[in-house]
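Work through the following exercises with the model at hand, and compare each solution with your own reading of the coordinates.

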Amino acid sequence: MHILIFPAGFILWYLAYEAKPFINDEVTLHWKENNTNKRTKLLNIINESF
């Protein structure tokens with residue numbers, strides 16, 4: 001029975017991996033820009049306190 005379970009698991013894993021959504025570059029770029037802005041603001045606050 002285990003002989004059938006492992007190949008079926010690998011096939012299902014492969015199908016799920018192939019069906020993953022594509023990453024929208026505009027959304028990713030906007031998200032990274034927001035995070036860098038927040039990070040620089042926090043670093044400025046920390047540097048001013050010292």
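**Exercise 1.** What radius of gyration does the protein chain have, and what would a compact globule of 50 residues have?

Solution. This is a predicted model, in which local features need pLDDT of at least 70 and side-chain atom pairs count only at pLDDT 80 or more, while totals for chains, interfaces and linings use all residues. Residues are numbered from 1 along each chain as its sequence is written, and side-chain values use heavy atoms, with hydrogens and water left out. The radius of gyration, taken over C-alpha atoms, is compared with a globule rule of 2.2 Å times the number of residues to the power 0.38. A compact globule of 50 residues would come near 10 Å, but the protein chain has 22 Å. Along its principal axes, the C-alpha trace spans about 65 × 25 × 5 Å.

**Exercise 2.** Determine the helices and strands of the chain, and place Leu-12, Lys-41 and Phe-50 among them.

Solution. Counting DSSP runs numbered from the N terminus (H or I of at least four residues for helices, E of at least two for strands), one finds 2 helices and 0 strands. Leu-12 belongs to helix α1, residues 2-18, Lys-41 to helix α2, residues 25-49, and Phe-50 to the segment after α2. The C-alpha atoms of Lys-41 and Ala-19, 22 residues apart along the chain, are separated by 38 Å; for Phe-50 and Glu-26, 24 residues apart in sequence, the C-alpha separation is 37 Å.

**Exercise 3.** Are Leu-12, Lys-41 and Phe-50 buried or exposed?

Solution. Buried means under 20% relative accessible area, exposed over 50%, and partly exposed in between, with a 1.4 Å probe and protein chains only. Leu-12 counts as exposed because its relative accessibility is 59%; Lys-41, at 58%, is likewise exposed, and so is Phe-50, at 82%. For the chain as a whole, buried residues make up 0% of the 50 residues.
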